[in-house]
Amino acid sequence: MTTTEPQPGRTVTEVVTDTVAALEGQRGALLPILHAIQETLGCVPREAVPVLAERLNLSRADVHGVVSFYHDFRAEPAGRTTVKICRAEACQAVGSSRLVEHVRDRYGMELGETRSDGALTVDQVFCLGNCALGPTVQVGARLHGRVDAAKLTQLIDSAMAS
Amino acid sequence: MSPVTPSVTVYVPGDSAARSVGADDVAEAVLRAGARVGQPVHLVRNGTRGMLWLEPLVEVVTPEGRIGYGPVEAADVDGLVDAGLFSGGEHPKRVGVIDDLPWMTSQDRLTFARVGVVDPLSPEDFLTHGGLRGLRRALDMSPDEVVEEMTASGLRGRGGAGFPAGIKWKTVLGCDEALKFVCCNADEGDSGTFADRMVMEGDPFLLIEGMTIAAHAVGATEGFVYIRSEYPAAVATMRAAIEIATWHGWLGDGVLGTSLNFSLQVRVGGGAYICGEETSMLESLEGKRGEVRAKPPIPAIHGLFGQPTLVNNVLTLTSVPAILADGAAAFQALGVERSRGTQVFQLGGNIRRGGVVEKAFGVTLGELVEHYGGGTRTGRPVRAVQVGGPLGAYVPPSDFGLRMDYEEFAASGAMVGHGGVVVFDDTVDMAAQARFAMEFCAAESCGKCTPCRIGSTRGVEVIDRIVAGENPDENLALLEDLCEVMTEGSLCAMGGLTPLPVRSALTHFAGDFLEPRIRPRRPLPLSTAQRTDTT
């Protein structure tokens, strides 16, 4: 998944304001709003928090509390290629820890890290709902089953090259 | 006029699991091969039949029935077509008429009756295969009668806790407020479970029908399906199905020409496992941190935005249409003791034939793992099976005679939960699995109560000390004490049940803790993103 750069001419404040205006009519709208902001900006930047608080009549602490509670919301955009390795039990049973070690050995990256050039983010995930066909890895938006080290290399390298 | 070759109908699943092993490429290859040989193809992207080891499973409609081929790779397709795929010809990958396979005929498919059979978003397919029968009958009944039918069916919540559905429905019906909600918990975060996802991707109208029956029964006008963000395909399918159902008058104002008004929308979670706990899910739906609420008050009386709210799991709500269509007695006739009807067992992990087995309660764990599952994928002996998700016990093969029955499992220190079964072979290090249970709890705890938030971190440390051989007796006693505190002192199942896998590992596989199988072990650190939330 390549993250969307902020559109030229639209500040974070403008994106947040427009998103709130579009979605605030829903009940309990904060999560849909945060998802929409992240979709547009690739993350929920810290400067979005005070704007959200003001528009939604919440305290900054409340908004920050929600943004930081959910693993999905990032303060900075992810790398151009994102890789999520499932580390839950069903994938452990078929060797997902070897994939984590492979990423460490071959790409020099720990889970949760983004490469300094912004090319690659590697993360862990607990279950992608593909428990009979593990180990499962998500590259960008795409799910891959029965992944071994060689296949993981091929998936990452081709995603980074494209 | 030249004769026109009649088109052949070919099914290639569009389910996420099938796509993860190349179903999209296979679908394209089938269309290309059809064009190459001049055979028009009507391609249907169905859900999965649940025979996941055969995915991508290609089915061709023939006069004898739907003949399956699997697992098919894109590179196989030309050869298959040359062998007569389009007329059900012989090939080493031909598995026969799917509906006649013993693996399928021996199941009791109620909830999964249409999954894999129909085009998920075709309203015509849905109606042809019995869709809306349950809703139509329910709408002819009073809410009290529908609730009575639910109670009589003996259906218990399929999300894990097994609470009798009829009692919950009756409580919501008994509340006088004008605004009530029906919320479907589709935050299927437990490893080893994928049936919620499969039914939402494979038969989304079924969930809509179940929720609409529930709305009529309890007097609700608004509903939410809370789906985890890890399931984008289920989100997209449910949203499309809601739009189609609304257009057909199955949802919205005046459902099927009656006075029932019910609107439904999908909400996407934020990657927090704890939101599968019902009160945490309600907090999340309100736009807050997904922190667990203390009960009472129970959500049935004081739920979403303080209003009476029916919260049920996907598989509970998708069981409802069959109960209403064919009557409570038919459902109640299946099962054993106080576990009535069917459960959708999900076989995963290191298993040869992984997938979905919907069977009446009472099937043994051994039948599921050995008979349906065919043992491990690696071919090595089974050493442990985790039943009921990350908070479920590890069961050794010596207990394979256990029947799938809430009470029988509970009596042996395990739980049926939602029917997820994850198999491990004899290379598994059970001390590492116990450590992981604590690590997972530390990463995913909502942080509200201390035994869960702090206890899980201490649990990781204590297990590390035991495995390192530091004062093992003292530390084992400490771990047992910690497990007791977490079990008794946590608000919800996250902290309360994390000791279950830990204790079962200690009970059945104590040797792994004292004579570590793999030493030195390099523990995987929590990722930085996870760690910031748990301090």
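The dialogue below walks through the interface, the salt bridges, the nonpolar cores and two single residues of a predicted model.

Biologist: When two chains pack together, what is the area buried between chain A and chain B, and how much of it do carbon and sulfur atoms give?

Modeller: The size of an interface is often given as the accessible area lost when the parts come together. Here the area buried between chain A and chain B is about 4600 Å², and carbon and sulfur atoms give 51% of that figure. Within the share that chain A buries against chain B, Arg27(A), His71(A) and Glu89(A) supply 17%, which is more than any other three residues. Counted by residues, 45 from chain A are in contact with 70 from chain B.

Biologist: How many residue pairs are in polar contact between chain A and chain B, and which elements of chain A each supply at least two residues to the side that touches chain B?

Modeller: There are 28 residue pairs in polar contact between chain A and chain B, with both partners at pLDDT 80 or more. The elements of chain A that each supply at least two residues to the touching side are helix H2 (30-41), helix H4 (60-69), helix H5 (89-92), helix H6 (96-107), strand S3 and strand S5 (142-144). Sorted by class, that side of chain A has 20 nonpolar, 15 polar and 10 charged residues.

Biologist: How many salt bridges does the rule find across the interface of chain A and chain B, and how should I read one?

Modeller: Side chains of opposite charge can pair when their charged atoms come close. The rule finds three salt bridges across the interface of chain A and chain B, while the count over all chains comes to 40. One that joins the two chains pairs Glu439(B) with Arg87(A), and the closest N and O atoms of this pair are 3.2 Å apart.

Biologist: Which parts of chain B does the salt bridge between Asp464(B) and Arg435(B) tie together?

Modeller: In that salt bridge the closest N and O atoms of Asp464(B) and Arg435(B) are 2.7 Å apart. Asp464(B) lies in helix H19 (residues 450-467) of chain B and Arg435(B) in helix H18 (residues 430-444) of chain B, so the pair ties together parts that are 29 residues apart in sequence. Asp464(B) is partly exposed at 28% relative accessibility, whereas Arg435(B), with a relative accessible area of 10%, is buried. Through shared partners, salt bridges join Arg87(A), Arg435(B), Glu439(B) and Asp464(B) into one network.

Biologist: How far apart in helix H2 of chain B are Arg32(B) and Glu28(B)?

Modeller: Arg32(B) and Glu28(B) are four residues apart in helix H2 (residues 23-37) of chain B, so about one helical turn separates them. They form a salt bridge in which the closest N and O atoms are 3.8 Å apart. Arg32(B) is exposed, with a relative accessible area of 54%, and Glu28(B) is partly exposed at 47%.

Biologist: Turning to the interior, which residues have the most contacts inside the largest nonpolar core?

Modeller: The largest nonpolar core has 184 residues, and those with the most contacts inside it are Trp169(B), Met200(B), Val225(B), Ile227(B), Leu365(B), Met404(B) and Leu479(B). Helix H10 (residues 204-218) of chain B gives the most to this core, with 10 residues. A second, separate core of 22 residues includes Ala29(B), Val58(B), Val77(B) and Leu80(B). To see one packing site in detail, look at Trp169(B), whose contacts include Val146(B), Met150(B), Ile213(B), Leu310(B) and Asn312(B).

Biologist: Is Thr121(A) buried or exposed, and which side chain does its own side chain contact?

Modeller: Thr121(A) counts as buried because its relative accessibility is 2%, under the 20% cut-off. This residue lies in strand S3 (residues 120-125) of chain A. Its side chain makes a polar contact with the side chain of Thr114(A) at 2.8 Å, and a polar atom of the Thr121(A) side chain lies 2.6 Å from the backbone nitrogen of Gly79(A). The residues that Thr121(A) touches also include Arg74(A), Val83(A) and Met109(A).

Biologist: For contrast, where is the place of Val4(B)?

Modeller: Val4(B) is in the segment before strand S1 (8-11) of chain B, and at 71% relative accessibility Val4(B) counts as exposed. The C-alpha atoms of Val4(B) and Gln39(B), which are 35 residues apart along the chain, are separated by 9.7 Å.

Terms used: Residues are numbered from 1 along each chain as its sequence is written. Chains are lettered from A and ligands numbered from 1 in the order in which they are written. Side-chain values use heavy atoms; hydrogens and water are left out. Buried means under 20% relative accessible area, exposed over 50%, partly exposed in between (1.4 Å probe, protein chains only). A polar contact is a pair of N or O atoms within 3.5 Å; within protein, one must be able to donate a hydrogen and the other to accept it, and residues adjacent in sequence count only if both atoms are side-chain atoms. Contact means heavy atoms within 4.5 Å. Buried area is the accessible area (1.4 Å probe) that two parts lose on being put together, summed over both. A salt bridge is a side-chain nitrogen of Lys or Arg within 4 Å of a carboxyl oxygen of Asp or Glu. Ala, Val, Leu, Ile, Met, Phe, Trp, Tyr, Cys and Pro count as nonpolar, Asp, Glu, Lys and Arg as charged, and the others, Gly among them, as polar. A nonpolar core is a set of buried Ala, Val, Leu, Ile, Met, Phe, Trp, Tyr and Cys residues joined through side-chain atoms within 4.5 Å. Lists of a residue's contacts leave out its neighbours within four places in sequence.
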